[in-house]
Number of protein chains: 2
Amino acid sequence: MSDSGPTSPVVLNRKEIEALAGLESDAFDPDAFAAGAFDAIAEGFVRLARGEVRQPPVLSLDLPEVAGELDVKTAWVRGWDSFCVKLSTGFFRNPELGLPSGSGLMVVLDATTGRPRAVLLDDGLLTDLRTAIAGGLAARALARPDATVAAVLGAGAQARWQARALAAVRPLSEIRIWSRRPDAATQCARDVERHTGVPTRSADSVAEALRGADVVVTTTPSQEPIVPAPLLQPGMHLTSMGSDGAGKRELEAALLRRADLIVVDHLEQSRTIGELQGIDANTVSAPVTLGEILAGERTGRHSDDDVTVCDLTGTGVQDSAIARWLLGRYEAHGAGS
Amino acid sequence: MSDSGPTSPVVLNRKEIEALAGLESDAFDPDAFAAGAFDAIAEGFVRLARGEVRQPPVLSLDLPEVAGELDVKTAWVRGWDSFCVKLSTGFFRNPELGLPSGSGLMVVLDATTGRPRAVLLDDGLLTDLRTAIAGGLAARALARPDATVAAVLGAGAQARWQARALAAVRPLSEIRIWSRRPDAATQCARDVERHTGVPTRSADSVAEALRGADVVVTTTPSQEPIVPAPLLQPGMHLTSMGSDGAGKRELEAALLRRADLIVVDHLEQSRTIGELQGIDANTVSAPVTLGEILAGERTGRHSDDDVTVCDLTGTGVQDSAIARWLLGRYEAHGAGS
């Protein structure tokens, strides 16, 4: 690519982004995992709660002819020097071609001039990371400080990512993985143990995975609840991050009714595409936003016995936060490759 | 940028795009101007008319805090191997910083897999070009074949582009430029003459510019009509391309009522953001789409005396068409730089 002058945006490919984010090796250091990105995303949630974010409706293109879909999201944050426009695609015949279904990229625009500052050809990596970090932030704010046993439901990419984020915020001694597909759970447990250094095993049932668990993350695309209310235990924290579309849900309504605290990343989204779909607001404790909790404006857990739930649907401000964080690392260190 | 494997998208900067589009020099050859791009965009309009295009609502982010705006458009066309997602920004304090208000880029996605095929860092160039070509296509289809005198209202970038597109489709002997700002008209006339080789002069009034003109293009952001109906002359063709937003209009309603043929690029847009805003459908001839005309499904001008009008609001399919055309040239010739 020839030079087109000083205003040319930076273009980073996936390898360069992995290196900048400190994700290029399997070696896992919980204290260094995505160092700084937790704070960057926490700031995004706080600003979202304070109404300092402009986030227009998602552009959605449905392509039933080719079993494909495109979403474009953006969020501008007052005072930040950049914001992100993220394209993400799901083309569900790709596996027949040996390709992953999903892909995507982020364009980072200057917040003052609108000019492109960077194109991040991350192929969805930064979305995985910002989603995992939201789970980590929820666990850090809401799980008992002495939480040591984690359960992850689902065995896909986010199951692995969420396990890493949990291991970064709590001194875990054990992780259990459950999936409808036992083979996938076994493989996922192996990967998670390698990534986190925490002893990890697959569980045969949701009940077995949750027995004695202090912190639970659900990462499935389920349209039926997979966590029934009777499996709740005093002091448990649950984060649901799989439900991000109309009709999806992972937690039983009765479970939500029994929770002492319900936290959401984005209240309207939680009601339209998250766990609060179809839930009568009078039957559950009034939801608090993760931003209010992280800002210290609202209290999280009041006692070791509280049951806390966090519903994450995914917000554009996380994209702008992770892109800004990554670009800051690039500017400080260079691509390093 | 290091290599990230065979699936890395092509990244082209503005210089490379200019070279691929044959726009790198001032030399103008009407037969070679954007060769192939006219056909590419004509095919897009035809497919739009045939209902073979999926075009979701535009994503719009308004940022009054920084006098900025972002639009994201996309259009998928059945049977095409790629489609475009275009970001365009207008940040109206940029001139204070010595920067143009507008910028943008296009991301080209594979239409079968959704994976990014190219990032075109064109900074708005391809939008200028596809907009000009739509004007050229309208004039080629609707102006009298022997049209030799052209008038362009407005003296911005599109005035220059539209003049080039007109010169590419009709054997012009004279071009007149009118602007509210006489100095701008003089400068624009100088540029247009240099670009097209056609004798070009500035006009002191719209009436002077239109007297004896065969083909007229309006390129202003006006919210009040600038072309009154009495200036119509038998046989004249007018293209309005400036009105592309709520409240904008360049042609008097009485002019539309007197036109023998009204052509639009996109009927719904013409009614919401174009010249048909607030026009009673019963008072004007039933609009025909440019795609129907270009497909030969509808007749354009019936006689040398017909007055024809074309309202262009801009469509996502033009973006997908120009990006696909440019990528085809890249694949055939390489970046050449």
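**Chain A and chain B: contact side and symmetry**

In this predicted model, 45 residues of chain B are in contact with 45 residues of chain A. The side of chain B that touches chain A comprises, by class, 23 nonpolar, 15 polar and 7 charged residues. The points below take up the contact side, the relation between the copies, and the fold of chain A.

**Contact side**

- On the side of chain B that touches chain A, the elements giving two or more residues are the helix α1 (14-20) together with the strands β1 (10-13), β3 (59-63), β4 (68-77), β5 (82-91), β6 (102-110) and β7 (116-121), all of chain B.

**Relation between the copies**

- A turn of 180°, with a shift of 0.0 Å along the axis, lays chain B on chain A with an RMSD of 0.0 Å, and this is the relation of a two-fold axis.
- Both copies use the same surface, since 100% of the contact residues of chain B recur in chain A.
- Within chain B, the residue that comes closest to the rotation axis is B:Leu59, whose C-alpha lies at 2.8 Å.

**Fold of chain A**

- Chain A contains 10 helices and 15 strands, and its radius of gyration of 19 Å is close to the 20 Å that the globule rule gives for 337 residues, so chain A is as compact as a globular protein of that length.
- The C-alpha trace of chain A spans about 60 × 45 × 40 Å along its principal axes, and buried residues make up 54% of the 337 residues.
- Among the contacts in chain A with a separation of 6 or more, 70% are accounted for by residues 24 or more positions apart.

Key:
Residues are numbered from 1 along each chain as its sequence is written. Chains are lettered from A and ligands numbered from 1 in the order in which they are written. This is a predicted model: local features need pLDDT of at least 70, side-chain atom pairs count only at pLDDT 80 or more; totals for chains, interfaces and linings use all residues. Copies are superposed by least squares on the C-alpha atoms of residues with pLDDT of at least 70 in both. Two residues are in contact if their C-beta atoms, placed from the backbone, lie within 7 Å. Helices (H or I, at least four residues) and strands (E, at least two) are DSSP runs, numbered from the N terminus. Ala, Val, Leu, Ile, Met, Phe, Trp, Tyr, Cys and Pro count as nonpolar, Asp, Glu, Lys and Arg as charged, and the others, Gly among them, as polar. The radius of gyration is taken over C-alpha atoms; the globule rule is 2.2 Å times the number of residues to the power 0.38. A residue is buried if 20 or more other C-beta atoms lie within 10 Å of its own, exposed if 12 or fewer, and partly exposed in between; C-beta atoms are placed from the backbone.
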